[in-house]
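Trainee: Could we take a close look at one part of this protein together? I'd like to see what surrounds the ligand, and then have you walk me through the rest.

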Amino acid sequence: MTHDIIIIGGGHNGLVAACYLAKAGLKTVVLERRESVGGAAVTEEIHPGFRCPTLAHSAAPFASQIAKDLKLEQHGLEVITPAARLLGLNPAGESLCIFDDLARTVTEIEKFSAKDAKVYPEFATTFARIGRVLAPLLAMTPPAIEKPSTGEMWNLGKLGMAFRRLGKKDEYRLLRWGPMAVADLVAEWFETELLRAAIAARGIYGAFAGPWSAGTSTGLLWQSAMDGHAIAPASFIKGGIGGLTQALATAAQHAGVEIRTSAEVALVETSENDAPKVVLKSGEQISARAIASNADPRTTFLKLIDPIELDPTFLQKIRNYRAQGVSAKINLALSALPSFAGMAGDEGQKLSGRIHVGPDIDYLERAFDASKYGDFSPLPYLDITIPSLTDPSLAPSGAHVMSIYMQYAPYKLKTGDWHSRREELGDAVIKTLSAYAPDLEQLVLARQVITPLDLEQTYGLSGGHIHHGEQTLDQFFTFRPVIGWAQYRTPIKGLYLCGAGTHPGGGVTGGPGANAARTIIKDLKRK
Ligand SMILES: Cc1cc2nc3c(=O)[nH]c(=O)nc-3n(C[C@H](O)[C@H](O)[C@H](O)COP(=O)(O)OP(=O)(O)OC[C@H]3O[C@@H](n4cnc5c(N)ncnc54)[C@H](O)[C@@H]3O)c2cc1C
């Protein structure tokens, strides 16, 4: 045995876990199937001289405590937070910019509705208060449902006290909002469709759900627990999101972690008496005291483990774990910055955060409808960034890269397949965006279209699901990935999970990796 722990996958969560494990004195190796680490958080060249965050483009945000613990700034991490959080566009050529600065945001909302402008500050502070109560859950190992330990009871008790301190009005709001459709929640506060849709979008990001789906408010509340805001500050990284995973890789190596790329694990083998081992695609075998999988739960249990090793009930639960993605990505190399309608000269600043295309709730719901019936949306919801505005090193002088997250494109198409319909998807996205930026098409030097099938085949995301599985109430907290196994351990002795398919779920937060490392360190030290 050459290592204490093997990590399958060098996504950001695998790297976070590796850093903490190595810092605890455990000899750790990361095995990544691709030629570089980072998983869904990478920056790659899409055209000579143009580098773009290939998949994720804005960190969820990444937990500041983890960045501090791992001294990521010393290893090259530079977070960029532009003044503009989100720019909403509508087909009438109007725009609504949400800034970090509350007063500026209120002035923007006033263009649409005096009533909404008056209510917005209370909305923002309500989410901040509720977010503060939910935030400790993120760094917590979910309690054992059947037999919570004293420590777990203590943590839950503290949470209960914080909940009581919220006061009756917010307590009631929190309990009532969770199961609600996010469309209903935003309609209770605002009358401006563009504002409603921009907020509701956070509740459906990455989900097989539309704003009228029950429980989508949970997505919004959960996301806002991460930063205390209903509309997140844009959290970019110098060098694109890959700058974060490069800093993590450097920190890991500094702590003594061995990182091996182009090292795909084909099989995990465990037995009662021997140390667990992995068999690489090359045939090489490596054993260690424990193995942590950063691959998603379906990949881990349905591809890397012989089903005979799994209890049939557990196996059935994993088969029922929902991970059918609806997202695609289009990255563009542009010869210049496109002109967006209605920007009146202050484009640079307003475009430097996230740009939201999905002007009203019905638009978002219709976009979802298409995927329900097995097709991609001809008028999709888009979450766009132009990373070269805040980091000009990503593109040649005067040119830009545009990163377009597209929803809804279902993993399974009813007609045709993703190989034959790839360019059609790219065309639909360019056409949709051209309604807001008419000169876009003529500025495109190159485009990269990443379908849900590519997400699975190239980036290893089962079902093309960006969060390693749906984040609905039934696959959440003590239920993530499945009830009874939410504490990063698995029914296989010596095998742990440490990726986004565990609590606190998807997004570039580092939470699952850090929480899993805590459990693994405890178990290995006890042994
Ligand atoms: C298109 C898209 C857009 C997104 N946008 C955002 C965003 O803007 N903001 C945000 O916060 N989040 C976003 N996300 C979600 C976020 O990127 C993910 O939830 C997060 O990166 C998951 O991190 P992870 O480390 O858990 O897993 P991953 O990043 O998926 O890493 C898992 C790693 O395991 C490797 N692996 C799998 N199987 C094996 C094997 N058999 N052997 C060896 N290695 C293996 C994979 O290659 C991969 O490197 C987006 C995701 C996608 C796909």
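Trainee: Which residue has a polar backbone atom 3.2 Å from an oxygen atom of the ligand?

Mentor: That's His 57: one of its polar backbone atoms sits 3.2 Å from a ligand oxygen. Keep in mind as we go that this is a predicted model. Now look at two other contacts. Asn 13 uses its side chain, where an N or O atom is 2.8 Å from an oxygen atom of the ligand. Val 508 does it with the backbone instead, with an N or O atom lying 2.8 Å from a ligand oxygen. How much of the ligand ends up covered? On its own the ligand would expose 1,000 Å², and the protein buries 97% of that.

Let's step back to the whole shell. There are 36 residues around the ligand, and the ones that come nearest are Asn 13, Glu 32, Ala 40, Ser 58 and Val 508. Sort the shell by type and you get 19 nonpolar, 14 polar and 3 charged residues.

Val 508 gives us a handy way into some odd spots in the backbone. Have a look at Pro 504, which is in the loop between β18 and α19 (511-526). The peptide bond leading into Pro 504 from His 503 is cis, with omega near 5°. Another cis bond links Arg 480 to Pro 481, and there omega is about 0°. Pro 481 belongs to the loop between α18 (452-457) and β18 (495-497). His 468 also has its place in the loop between α18 and β18. What's unusual about His 468 is a positive phi of about 65°, even though it isn't a glycine.

Now for a sheet. Its 7 strands run in the order β7-β6-β14-β15-β16-β13-β17, and it's open, with mixed pairing. At the edges you'll find β7 (95-99) and β17 (444-450); each has a single partner strand, so one side of each has no neighbour in the sheet. Neighbouring strands are turned against each other by 20° on average, ignoring direction. In general, strands in a sheet pair through backbone hydrogen bonds, and they can be parallel or antiparallel. For an antiparallel example, take β13 (residues 327-334) and β16 (residues 400-407), which are joined by 8 bridges. One pair to find on screen is Ala 328 with its bridge partner in β16, Met 406. Finally, helix α16 (residues 418-434) packs on this sheet, touching β13, β14 (354-357), β15 (381-385), β16 and β17. The direction of α16 makes about 120° with that of β17.

Terms used: Residues are numbered from 1 along each chain as its sequence is written. This is a predicted model: local features need pLDDT of at least 70, side-chain atom pairs count only at pLDDT 80 or more; totals for chains, interfaces and linings use all residues. Side-chain values use heavy atoms; hydrogens and water are left out. Two strands pair if DSSP finds at least two bridges between them. Helices (H or I, at least four residues) and strands (E, at least two) are DSSP runs, numbered from the N terminus. Axes are lines fitted to C-alpha atoms, for helices over the stretch in contact, and angles run from 0 to 180 degrees between N-to-C directions. Contact means heavy atoms within 4.5 Å. A residue is near a molecule or strand if one of its heavy atoms lies within 4 Å of it. A polar contact is a pair of N or O atoms within 3.5 Å; within protein, one must be able to donate a hydrogen and the other to accept it, and residues adjacent in sequence count only if both atoms are side-chain atoms. Accessible areas come from the Shrake-Rupley method with a 1.4 Å probe; for residues, only the protein chains shown count as cover. Ala, Val, Leu, Ile, Met, Phe, Trp, Tyr, Cys and Pro count as nonpolar, Asp, Glu, Lys and Arg as charged, and the others, Gly among them, as polar.
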